[in-house]
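Thanks for making time this morning; I would like to walk you through one model, and I will try to say for each term what the cut-off is. Please keep the picture in view while I talk.

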Amino acid sequence: MQISRRRFSGLMSAALGTMFVPAYAESALTSPDDILHALIKLRGTLDDRLVMWWMKGMRYGVVNDSIRPLYGMKTGGFQLYQQLADGRHSMTMLELIFFTDLETDKPLAQFANPYSGKLVDIPEQRLGPYTVYHTTQGVEIPPNPAFGTFELRTQLGPVVVEGDDVWIRDDSFVDVDSDQPMMGEHTYNEFVTYHGSLKDIENPELTSAPASVTFQSVTSWREWMGAEGIGGHTTARAAGRKCFSLDEFPDDYLQILNDRYPAIAKDPRAALLKKPA
């Protein structure tokens, strides 16, 4: 059965009331402020260093309950954090995503949709630079975001603590209507889990804790993907880790970054602080 975009979004909204269950409540991180502090130390930093993330993964089509790989994904993120007087943490971010061929792992400029047979150009997959705010309730975005109409629902937690291992969920559910080619009008549901050490989080001498990330998403087809009339949706998964130097990025990502964005590869902090045109 094909689920309409509006009904799909409604189902995801309804799920918010049931997915955060009391079974996760008993952990070493129980207060909202403690959870936010842990998130910032895992995802970012308490100082002014440039935080970097990389992830590798794949996007799939889901039609008639069957899943089909579409393309690989190589993602790099650059972030600056600042703690505000009201307890929130601002995060200015820039994210660059490269899609790759399933067989050769080479970067793609075009995408051949296996369902429709259409060959379409892939728009630039660049998010930012822009600023959002981490709060005890989740992520806040500023009024009138540059990327269009943006209905955002977020949830920070629950937290799972087993021994010294900590997993924190940071989920987002979004309806987007944007003039930007990479976005268009679509529904986007993102499930992100950060993993690290409880000792590192509780260590006052560390402003940032080593961390890894897992990512899953469920989205409607984006307008650029040539999927008119297909039905179904897409899903993706990826995994990666935090670092503080481009030298810690995978070589294959750096090769594409240097080729397509040499100025960013040379000075990512300057690119992050540059105001969008």
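Let me begin with Y71, which, once its neighbours within four places in sequence are left aside, is in contact with M58, R59, F99, T100, L102, L108, F111, W224 and M225, where contact means heavy atoms within 4.5 Å. Before going further I should say that this is a predicted model, in which local features need a pLDDT of at least 70 and side-chain atom pairs count only at pLDDT 80 or more, while totals for chains, interfaces and linings use all residues. Residues are numbered from 1 along each chain as its sequence is written, and side-chain values use heavy atoms, with hydrogens and water left out.

Y71 belongs to the largest nonpolar core, which has 51 residues, and among these Y71, F111, V166, I168, F215 and W224 touch the most other members. By a nonpolar core I mean a set of buried Ala, Val, Leu, Ile, Met, Phe, Trp, Tyr and Cys residues joined through side-chain atoms within 4.5 Å; buried is under 20% relative accessible area, exposed is over 50%, and partly exposed is in between, using a 1.4 Å probe and protein chains only. Helix α2 gives the most to this core, with 6 residues. There is also a second, separate core of 20 residues, which includes L50, F249, Y253 and L254.

As for confidence, pLDDT is the predictor's confidence in each residue, from 0 to 100, and the chain averages 89, with 87% of the residues scoring at least 70. Over residues 1-26, however, the pLDDT is below 50, and this stretch has 35 contacts in the model beyond near neighbours in sequence.

Turning to the overall layout, the chain has 6 helices and 12 strands, which are DSSP runs numbered from the N terminus, helices being H or I of at least four residues and strands E of at least two. Of the 277 residues, 49% count as buried.

How are the strands of the open sheet ordered? There are 10 of them, in the order β7-β6-β3-β2-β1-β12-β11-β10-β9-β8, with antiparallel pairing, and two strands pair if DSSP finds at least two bridges between them. The edges are taken by β7 (138-140) and β8 (149-162), each with a single partner strand, so one side of each is left without a neighbour in the sheet. Neighbouring strands here are turned by 25° against each other on average, direction ignored; for such angles, axes are lines fitted to C-alpha atoms, for helices over the stretch in contact, and the angles run from 0 to 180 degrees between N-to-C directions.

At the β8 edge, 12 bridges join β8 to the antiparallel strand β9 (residues 165-177), and E162 stands opposite D165 in β9. Helix α2 (residues 32-43) lies across several strands, including β1, β8 and β9, and runs at about 85° to β9.

Which strand is largely enclosed by the rest of the structure? That is β1, because 10 of its 13 residues are buried. Strand β1 is joined to β2 by 13 bridges in the antiparallel sense, with T75 in β2 as the bridge partner of M55, and to β12 by 11 antiparallel bridges, with K242 as the bridge partner of W53.

The hairpin of β1 and β2 has 2 residues between the strands. N64, in that loop, has a positive phi near 55° although it is not a glycine, and is exposed, with a relative accessible area of 70%. D65 lies in the loop as well, has a positive phi near 65°, and counts as exposed at 79% relative accessibility.

Two cis peptide bonds also deserve a mention. One runs from G128 to P129, with omega near 10°, and P129 is found in β6; another runs from G157 to P158, with omega near 10°, and P158 lies in β8.

Finally, in helix α4 (residues 251-260), Y253, L254, I256 and L257 are buried. Seen down the axis of α4, they fall within an arc of 165°, so they line one face of the helix, the arc being that of the directions from the helix axis to the C-beta atoms. On the other side, D251, Q255 and D259 are exposed, whereas the cover over the buried residues includes β2, β3 and α5 (262-266).
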